[in-house]
Structure formats: C-alpha cells, structure tokens
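I set out these notebook entries to record what I looked up in the structure. Each entry takes one topic.

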Amino acid sequence: MRLSRYFLPVLKETPAEAQIVSHRLMLRAGMIRQASAGIYSWLPMGFKVLRKLENIVHEEQIRAGHNPMLMPTLQSADLWRESGRYEDYGDEMLRVTDRHGRDMLYGPTNEELITDIFRNSVTSYKQLPLTLYHIQWKFRDEVRPRFGVMRGREFFMKDGYNFDVDQPSAMHAYNRHMVSYLRTYERMGLKAIPMRADSGPIGGDDTHEFLVLADTGESEVFYDSAILDLKLGDREVDYDNWDQCAAIKQEWTTPYARTDETHDEAAFTKVPEARRMSSRGIEVGQIFYFGTKYSESMNANVVNAEGERVPVHMGSHGIGVSRLVGAIIEASHDDRGIIWPESVTPFDVGIVNLKQGDTAADEACETLYRALTAKGLEPLYDDRKERAGAKFATMDLIGLPWRITVGPRGLKNGIVELTSRKTGESQELKPEDAVARLVEIYAEI
Ligand code: 5CA
C-alpha cells in the first residue's frame with residue numbers, strides 16, 4: 001500500500017476524551033473513530049489488525065478441532081425466556097421490537113441460540129463431542145463504556161460452545177480450550193495468565209479468566225510470579241489427548257493466580273513472599289464449564305451409551321477480539337507510539353523515502369516495494385512529499401515493527417537502512433539484503 005492512497009487520518013493532538021494510552025494511540029494512529037458512546041468505526045488500519053487477530057483465533061480454534069460458523073447479531077427473545085435469562089440479564093441487554101411486535105434483542109452472548117441449534121439436530125452421544133464457535137459482534141449496554149474498545153457497548157467476540165455427553169468429557173473440552181487459548185495469546189505476542197474467576201451471568205462453578213497485566217486494567221489480580229515463566233512455545237499439542245491437555249492445564253493452574261473476586265488471602269500467603277504479586281489486569285478471555293444449566297432449562301438431551309436420555313454437558317468460551325487490539329497496545333508501546341508484534345502488525349514494514357521526487361530514491365523505493373510484495377510481505381510505502389521528520393513520526397506512531405529508510409546519500413554507496421521499531425537499532429544493508437532479512441524474520445512468525 002502507498003501512503004498517498006491510504007486512508008490514515010492521524011491526529012497530531014492528543015484527544016482529550018481518551019484516558020488510557022491504547023485509546024489515545026488508536027485514535028491518534030487513525031485506527032478507530034467513535035460513532036456513538038462505546039460504538040466505533042474501524043478505519044482501514046484498525047480493521048487490518050482486527051482481521052489479523054480474528055485469523056489467529058480461527059487458526060487456533062480449527063487446530064483444536066472446533067467448528068467455525070456464524071450466528072446472527074439479532075436474536076428472538078423467546079429463547080431467552082426459556083432459559084430464564086431474558087429478565088435476569090437486566091439493563092445490559094439491548095431490546096428491540098420488530099414491526100410485528102415481536103421481542104428481539106441484540107445478542108450479548110449466544111448460549112441460548114446455540115443450544116437451540118444443537119437440540120434440533122443432535123440426539124445421540126455418537127454425534128459428540130462437538131464444539132461450535134463463531135466470531136461475531138455483540139452488544140452489551142454497559143453503564144459506563146470507556147477506554148475505547150476495551151469496554152465498548154458493541155464489541156467483537158469469539159464465543160465457542162462445547163457439547164459433551166458427561167462431565168469428564170466436558171472437562172476435557174474445558175482443558176482443550178485452555179490450551180488453545182494459551183497458544184492463541186502467545187501467537188499474538190501476549191502473556192495472558194489464566195486466573196480462577198467468578199462466572200457472573202453466564203453461570204457455573206468452573207471458570208478461568210485470561211488476564212494481560214497492565215496498569216490500566218480494570219481487574220485487580222493476585223499471582224505467583226512463577227507463572228510468568230511458563231511458555232507453551234512450539235511444543236506439539238494433540239488436542240484429542242486428554243492427559244496432555246490436563247497436564248498443561250495443571251502446569252498453568254498450579255501457581256497461585258486469581259482475580260479479586262475469588263482471591264483467598266490465606267492461600268496467597270503460602271506463596272514465597274518475593275514471588276507474591278498484585279497488580280492490575282485486562283481480561284481478554286474467559287472459559288466456563290456450566291454443566292447442564294442451559295440443557296436442562298431448554299431440553300437439550302442426548303441418548304447416552306446406556307440408552308438413557310440425559311441433558312448434555314456444556315461450557316462456553318470467549319475471547320474479546322476487539323478488546324485485544326487495545327490490550328496489545330497497552331502491553332506494547334512507548335512514548336512515540338505503538339510497537340506491533342510481527343504476528344499482528346497491520347503492515348510488515350514501512351518504506352520511508354527521504355527525498356520523494358529524487359529519481360534514484362524513487363526508483364529504489366519502487367524496486368523494494370515490488371520485491372517485498374513478490375515475497376508475500378506487505379509494505380506500507382510513505383511516498384508523500386513530506387519532511388523526513390514527519391515521515392518518521394508517522395511510522396513511529398503507527399508502530400510497524402520494521403522500517404526501511406531510503407535516501408540519496410545511502411544509495412550512492414548502494415545501501416538502505418533497516419530499523420527495528422522496538423530496539424531502535426539500525427543496520428545498513430544492500431536493498432536486496434534488507435528484503436532477504438525481512439523474509440527471514442517473517443518466516444519465523
Ligand atoms: N458466553 C461467554 C463465553 S463465550 C461470555 O460471554 N463470556 S464473557 O462475558 O466473559 O465475554 C468474553 C470476553 O469478551 C471477555 O473475556 C472480554 O475479553 C470480552 N468482553 C466482554 N465485555 C466486553 C466489552 N464490553 N467490551 C469489549 N470486550 C468485552
């Protein structure tokens with residue numbers, strides 16, 4: 001993409017309404033614009049990051065054996081009356097009436113709709129285990145939408161639902177989700193810690209939230225710092241292997257880690273003092289096992305191996321995809337702007353032409369642009385007639401992990417400069433070597 005043709009409305013001034021750094025930077029870098037309170041338009045640059053996160057979520061869900069699908073945003077109130085949540089959900093639910101006077105709602109989550117789909121098609125344990133998920137816009141009429149996409153009213157969420165014949169197989173589904181979530185967040189360059197939590201309006205006793213540590217997080221968290229050393233890395237996971245998934249869950253849930261809702265001071269003091277941490281965290285996902293809560297009220301039964309009709313065991317599993325865009329920025333920025341991890345960056349590399357209009361510089365940039373594109377990389381070429389300082393400031397603000405700087409002086413010696421946004425370190429390289437180096441870097445992602 002050429003910057004001269006891209007819609008990147010960066011702001012010079014810091015927007016007064018934004019209280020936290022991710023909200024400020026998303027507005028300044030032209031990623032989002034508020035449409036109304038807690039509701040945002042995703043401009044091209046923000047949309048690109050959102051799509052990258054969505055793709056990572058899909059890849060990891062499919063790897064775990066889960067079925068992608070798509071349910072609507074508007075749902076019939078009748079299903080929610082069956083489960084009893086139409087009244088319980090309270091003012092957070094946006095209710096609408098259609099022209100025939102039928103009660104509808106903008107879905108805040110999908111337990112009821114998916115249970116309805118399930119009960120109309122599945123009757124036997126032989127069709128299980130089954131996990132269905134979708135990534136769709138949700139609406140919760142939050143009292144205080146704030147912090148930009150962190151606590152929106154309309155937000156983009158992955159929600160998945162497992163259906164199993166009994167409690168042990170549903171626990172495997174829970175563990176499998178935990179492992180797939182750990183992989184998902186690691187791929188996004190994040191450390192998200194599973195913490196024992198409270199189930200709220202979803203229900204059930206078993207639940208973990210995944211938290212990214214950040215001063216601006218809305219949750220208060222307590223944890224053993226030993227958990228920060230855990231990493232899945234590239235270990236091979238067999239998602240059908242109950243023991244392996246249970247062992248990984250065990251590894252991550254053994255060190256103390258809880259949100260304030262379930263914090264137990266007595267248990268916490270057993271952690272060696274030097275490792276006892278308390279801080280703030282951003283909740284980027286939550287997994288639940290709630291057994292037969294919805295299947296009983298909605299008559300979702302299957303015949304088990306003994307020939308008995310039993311209510312199906314369920315859990316639900318969410319990832320806050322739009323909130324993650326903000327969470328990644330909270331975890332990765334400096335005073336000049338965003339620093340994207342390579343796996344989620346909107347463009348792989350920025351090309352800065354120091355002297356637009358200079359024949360040698362223009363030609364070198366065009367050649368680089370074509371070479372990078374041919375290798376499957378996505379460059380953003382700043383081809384505007386702007387001062388070098390302004391071009392650098394824009395690149396720093398939007399946070400692409402790599403920048404190639406091209407100028408007449410370097411070109412006289414046959415070199416360009418490759419700079420890391422994170423470390424600020426630069427290397428002087430021949431243009432073709434800069435391309436080769438970037439191909440190498442992105443091959444590892
Ligand atoms: N049905 C379950 C699991 S799918 C559920 O709805 N879980 S949830 O309420 O915990 O939401 C899942 C994730 O969505 C949360 O972990 C959080 O990351 C994100 N989320 C929730 N509310 C908002 C909001 N108002 N704005 C942005 N993201 C949100």
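**Entry 1: Val57 and helix 2**

I looked up Val57 and found it buried, because its relative accessible area is 0% and the cut-off for buried is under 20%. I note that the model is predicted. Val57 belongs to helix 2, which runs over residues 44-63. I then took the C-alpha to C-alpha distance from Val57 to Asp243, and it came to 24 Å, with the two positions 186 residues apart in sequence.

**Entry 2: the ligand and its shell**

Which residues come nearest to the ligand? I found 22 residues around the ligand, and the nearest are Thr109, Glu111, Arg140, Gly152 and Glu283. I next asked which strand gives the largest share of the shell. Strand 13 does, with five residues. Strand 13 covers 276-291, and it is one of the strands that each supply at least two shell residues, along with strand 8 (154-164) and strand 16 (313-320).

I went on to the polar atoms around the ligand. For Arg140, a polar side-chain atom lies 2.8 Å from an oxygen atom of the ligand. For Glu142, a polar side-chain atom lies 2.8 Å from a nitrogen atom of the ligand. Met150 takes part through its backbone: one of its polar backbone atoms is 3.4 Å from a ligand nitrogen atom. I then looked at how far the protein covers the ligand: of the 590 Å² that the ligand exposes when taken alone, the protein buries 96%. The ligand takes up the space of the second largest pocket.

**Entry 3: cysteines**

How many disulfides does the model contain? I count zero, by the rule that the two sulfur atoms of a cysteine pair must lie within 2.5 Å. I also checked two of the cysteines for exposure. Cys245 is buried, at a relative accessible area of 0%. Cys365 is buried as well, with a value of 0%.

**Entry 4: helix 10**

I asked how many residues of helix 10 are buried. The helix spans residues 321-331 and is mostly covered, as ten of its eleven residues are buried. Among them are Val321, Arg323, Leu324, Gly326, Ile328 and Glu330. I recall that an α-helix has 3.6 residues a turn, so residues three or four places apart point the same way.

**Entry 5: backbone geometry**

I recall that most residues other than glycine have a negative phi, and that most peptide bonds are trans. I looked for departures from this. The peptide bond from Leu128 to Pro129 is cis, with omega near 0°. Pro129 is placed in the loop that joins helix 5 (111-119) to strand 7 (130-139).

Phe147 is not a glycine, yet its phi is positive, at about 60°. I located Phe147 in the loop between strand 7 and strand 8. Is Phe147 buried or exposed? Its relative accessibility is 12%, so I count Phe147 as buried.

Asn299 also has a positive phi, of about 55°, although it is not a glycine. Asn299 is in the loop between helix 9 (293-297) and strand 14. With a relative accessibility of 57%, Asn299 counts as exposed, because the cut-off for exposed is over 50%.

**Entry 6: Asn304**

I looked up where Asn304 sits, and found it in the loop between strand 14 (301-303) and strand 15 (309-311). Asn304 is buried, with a relative accessible area of 10%. Which backbone atom lies 2.9 Å from a polar atom of the Asn304 side chain? I found that it is the backbone nitrogen of Glu306.

**Entry 7: two partly exposed helix residues**

Asp362 is placed in helix 11, residues 359-374. I record Asp362 as partly exposed, at a relative accessible area of 22%. The C-alpha atoms of Asp362 and Glu236 are 46 Å apart, with these positions 126 residues apart along the chain.

Ala267 lies in helix 8, which covers residues 265-268. I record Ala267 as partly exposed too, with a relative accessible area of 23%. Ala267 and Tyr256 are eleven residues apart in sequence, and their C-alpha atoms are 8.1 Å apart in space.

Conventions:
Residues are numbered from 1 along each chain as its sequence is written. This is a predicted model: local features need pLDDT of at least 70, side-chain atom pairs count only at pLDDT 80 or more; totals for chains, interfaces and linings use all residues. Side-chain values use heavy atoms; hydrogens and water are left out. Buried means under 20% relative accessible area, exposed over 50%, partly exposed in between (1.4 Å probe, protein chains only). A residue is near a molecule or strand if one of its heavy atoms lies within 4 Å of it. A polar contact is a pair of N or O atoms within 3.5 Å; within protein, one must be able to donate a hydrogen and the other to accept it, and residues adjacent in sequence count only if both atoms are side-chain atoms. Accessible areas come from the Shrake-Rupley method with a 1.4 Å probe; for residues, only the protein chains shown count as cover. On a 1 Å grid over the protein atoms alone, a cavity is a set of points where a 1.4 Å probe fits but cannot get out, and a pocket is an open set with protein on both sides within 12 Å along at least five of seven lines; lining residues have an atom within 4 Å of a point. A molecule sits in a cavity or pocket if more than half of its atoms lie within 2 Å of its grid points. Helices (H or I, at least four residues) and strands (E, at least two) are DSSP runs, numbered from the N terminus.
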